[in-house]
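I open a notebook page for one protein and look things up in its structure. My notes are short and in order.

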Amino acid sequence: MGALEATRSAVGPAALSFGAAEPAASAAAGAVAGLAAAVAAQVVWTPVDVISQRLMVQGNPCPASRYHGGLDAFRKTVASDGLRGLYRGFGMSILTYAPSNAVWWATYSLSQKIIWSGIGCYLCDYGVGVQEIDLGDGDSLLQPGCKTVMVVQGVSAAMAGGASAFVTMPLDTIKTRMQVMDGDGEPITVGRTVRRLIKEGGLAACYRGLGPRWASMSLSATTMITTYEFLKRLSDKGQGSDLA
């Protein structure tokens, strides 16, 4: 999110300074920011992911285990494959998480609009989960309360996580296989990995673990977005107080 916001705030004004229209500048800023965020995250996350996947694949540690903890897995991976071994599947990770981010943010925005259009009138009619803002001169405005906003954001994030998991599951399965499979002296390629998966279980093999991945992405996305949006609201209030 840091890379996303920093890149978007830099690219947007730059695009406007080159004479681009505001919608085009906003779209360009979002696209470049999303790419920067995906790359920045995977530079840090891919080595951690490789180690964790290898430990999960071997199961419970025992005297005969190949790896005895994360540090041991790190040392043996670097010793056998060099630093390149820690970034196995890096390109595939980018191809996985770039569309994942696109699907997630699109679904998140769409889900919020659908939810608000469905419950907005109900909240206003019955005064549930809304607060009245006095605008002066006898005018007032109804707006959702903080708890209501957080609930809607949480539900939207869960829906977005599910949609993203379903769309990108095959790519993630291929990436994970590339990270944990032994090469047997041959290069580990995307084509070879896909052929092995199809041979094992057809297209259904690409969706193994969809349920747990759906739950994991939904829970993590809900936690992330509600916390992030809450901190943004606090930041906006703080800026408003400083200006006042």
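Below are my entries, from the whole chain down to single side chains.

**Entry 1: what I am looking at**

I note first that this is a predicted model. I looked up the secondary structure and found eight helices and two strands. I then read the elements from the N terminus, and their order is α-α-α-α-α-β-β-α-α-α. Five helices thus precede the two strands, and three helices follow them.

**Entry 2: burial and surface**

How many of the residues count as buried? The protein has 244 residues, and 32% of them are in that class. I looked up the accessible surface too, and the protein exposes about 14300 Å². Carbon and sulfur atoms supply 66% of that area.

I also checked the contacts between residues at least 6 apart in sequence. Of these, 66% join residues at least 24 apart.

**Entry 3: a nonpolar patch**

I searched the surface for nonpolar side chains that lie together. One patch of about 420 Å² is made by Leu35, Val39, Val43, Val44 and Tyr87. I picked out Val39 and found it in helix α2, which covers residues 22-58. Its relative accessible area is 33%, so Val39 is partly exposed. Tyr87, another member of the patch, has a relative accessible area of 34% and is therefore partly exposed as well.

**Entry 4: aromatic pairs**

Tyr87 led me to the rings. A pair of aromatic rings is described by the distance of the centres and the angle of the planes. I found two aromatic pairs. Tyr87 and Phe90 make one of them: the ring centres are 5.8 Å apart and the planes are at 75°, so the pair is edge-to-face. The cut-off behind that word is an angle over 60 degrees. Phe90 has a relative accessibility of 25%, so it counts as partly exposed.

The other pair is Phe166 with Tyr207, at 5.5 Å centre to centre and 35° between the planes, and it is tilted. Where in the chain do Phe166 and Tyr207 lie? Phe166 is in helix α6 (residues 146-180), while Tyr207 is in the loop between α7 (190-201) and α8. They are 41 residues apart, and the pair links distant parts of the chain. I looked up their exposure: Phe166 is partly exposed at 45% relative accessible area, and Tyr207 is partly exposed at 31%.

**Entry 5: salt bridges**

I searched the whole structure and got seven salt bridges. I wrote down several of them.

- Arg8 and Glu5 meet through their side chains at 3.0 Å, N to O. Both sit in helix α1 (residues 2-17), three residues apart, which is about one turn of the helix. Arg8 is partly exposed at 35% relative accessibility, and Glu5 is partly exposed at 28%.
- Asp172 and Arg213 form a salt bridge of 3.3 Å, N to O. Asp172 is in helix α6 and Arg213 is in helix α8, so this pair ties together parts that are 41 residues apart in sequence. I checked whether the two are buried or exposed. Asp172 and Arg213 are both buried.
- Arg208 and Glu200 meet in a salt bridge of 3.5 Å, N to O. Arg208 has a relative accessible area of 45% and is partly exposed. Glu200 is partly exposed too, at 41% relative accessibility.

I also found a network of salt bridges that links Arg54, Asp81 and Arg88.

**Entry 6: one serine in helix α8**

I returned to helix α8 to look at Ser218, and read its range as residues 210-243. Why does Ser218 count as buried? Its relative accessibility is 9%, and the cut-off for buried is under 20%.

What does the side chain of Ser218 have beside it? A polar atom of that side chain lies 2.9 Å from the backbone oxygen of Trp214. I then listed the residues that Ser218 touches, leaving out those up to four places away in sequence. They are Ala158, Gly161 and Gly162.

**Entry 7: what I keep from this page**

I keep two links between parts of the chain. The ring pair of Phe166 and Tyr207 spans 41 residues. The salt bridge of Asp172 and Arg213 joins helix α6 to helix α8.

Note on methods: Residues numbered from 1 in each chain as written. Predicted model: local features only at pLDDT ≥ 70, side-chain atom pairs only at ≥ 80, totals over all residues. Heavy atoms only, no water. Patch = residues over 30% accessible without salt bridge, like charges linked within 9 Å, V, L, I, M, F, W, Y side chains within 5 Å. Areas by Shrake-Rupley, 256 points an atom, 1.4 Å probe, with all protein chains shown as cover. Salt bridge = Lys/Arg side-chain N within 4 Å of Asp/Glu carboxyl O. Helix = DSSP H or I, 4+ residues; strand = E, 2+ residues; numbered from the N terminus. Buried < 20%, exposed > 50% of the residue type's maximum accessible area, 1.4 Å probe, protein only. Polar contact = N/O pair within 3.5 Å; in protein donor to acceptor, adjacent residues only side chain to side chain. Contact = heavy atoms within 4.5 Å. Phe/Tyr/Trp six-rings, centres within 6.5 Å; stacked < 30°, edge-to-face > 60°.
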